[in-house]
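This report goes through one protein chain, starting with contacts between charged side chains and ending with the chain as a whole. Please keep the sequence and the structure in view while reading.

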Amino acid sequence: MTHELKILPKYFEPVVYDKKTFEIRKNDRDYHVGDKLILKEWDSETGYSGNQVVRYVSYILFNWENAIGEGYCIMSLKHTPPTVGLDGELNEQSDYQISP
């Protein structure tokens with residue numbers, strides 16, 4: 001599934017240059033490993049800048065011991081979608097998600 005999401009300028013550049021390889025989001029979109037995220041740079045005063053970056057979800061952590069808050073998740077991001085074998089299973093161990 002593809003998700004178009006706003007991202008503040010202070011987080012956008014670190015994602016572009018791979019300094020920030022994760023997103024913490026409210027899980028109101030039922031995120032899954034393999035989802036495509038189109039992160040669109042957005043500022044509350046000026047709106048969308050026109051800049052965007054595409055990343056894929058490679059790992060998801062939900063409600064980890066109440067450290068991130070109820071209903072939130074941490075998603076690891078990578079440049080390419082996870083690979084899937086002939087059996088339909090994700091090939092890389094890092095491409096699994098942990099369910100709540």
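In this predicted model, Asp 18 and Arg 55 form a salt bridge, with 3.4 Å between their closest N and O atoms. Asp 18 belongs to the loop between α1 and β2 (22–26), while Arg 55 is in strand β4, so the salt bridge ties together parts of the chain that are 37 residues apart in sequence. The two partners can also be described by their accessibility. Asp 18 has a relative accessibility of 38% and counts as partly exposed. Arg 55, with a relative accessible area of 5%, is buried. The cut-off behind these words is that a residue is buried when its relative accessible area is under 20%.

Asp 18 has a further feature in its backbone: its phi is positive, at about 60°, although Asp 18 is not a glycine. Asp 30 also has a positive phi, near 55°, and is likewise a residue other than glycine. Asp 30 is located in the loop between β2 and β3. As background, most residues other than glycine have a negative phi.

How many salt bridges does a search of the whole structure find? The search finds four. Three of them, including the one already described, are listed here.

| Salt bridge | Closest N to O distance |
|---|---|
| Asp 18 with Arg 55 | 3.4 Å |
| Lys 20 with Glu 23 | 2.4 Å |
| Arg 25 with Glu 23 | 2.8 Å |

Glu 23 appears in two rows of the table, once with Lys 20 and once with Arg 25. Through these shared partners, the salt bridges join Lys 20, Glu 23 and Arg 25 into one network. Are the members of this network buried or exposed? Lys 20 counts as buried at 13% relative accessibility. Glu 23 is buried with a relative accessible area of 4%, and Arg 25 is buried with 16%.

Glu 23 and Arg 25 also lead to the next topic, as both are touched by Cys 73. Leaving out residues up to four places away in sequence, Cys 73 touches Glu 23, Ile 24, Arg 25, Asn 27, Tyr 31, Ile 60, Leu 61, Phe 62 and Ile 68.

Cys 73 is part of the largest nonpolar core, which has 15 residues. Which members of this core touch the most other members? They are Tyr 31, Leu 37, Leu 39, Ile 60, Cys 73 and Met 75. Several elements of the chain supply this core: β1 (2–7), α1 (9–16), β3 (36–43), β4 (47–62) and β5 (72–78) each give two or more residues. Strand β4 gives the most, with four residues. Strand β4 is also where Arg 55 of the salt bridge with Asp 18 is found.

The last part concerns the chain as a whole. The chain has one helix and five strands, and from the N terminus on their order is β-α-β-β-β-β. Of its 100 residues, 31% count as buried. Its accessible surface comes to about 6500 Å², and 50% of this surface belongs to carbon and sulfur atoms. Among contacts between residues at least 6 apart in sequence, 57% join residues at least 24 apart.

Conventions. Residues numbered from 1 in each chain as written. Predicted model: local features only at pLDDT ≥ 70, side-chain atom pairs only at ≥ 80, totals over all residues. Heavy atoms only, no water. Core = buried A, V, L, I, M, F, W, Y, C linked by side-chain atoms within 4.5 Å. Buried < 20%, exposed > 50% of the residue type's maximum accessible area, 1.4 Å probe, protein only. Contact = heavy atoms within 4.5 Å. Salt bridge = Lys/Arg side-chain N within 4 Å of Asp/Glu carboxyl O. Areas by Shrake-Rupley, 256 points an atom, 1.4 Å probe, with all protein chains shown as cover.
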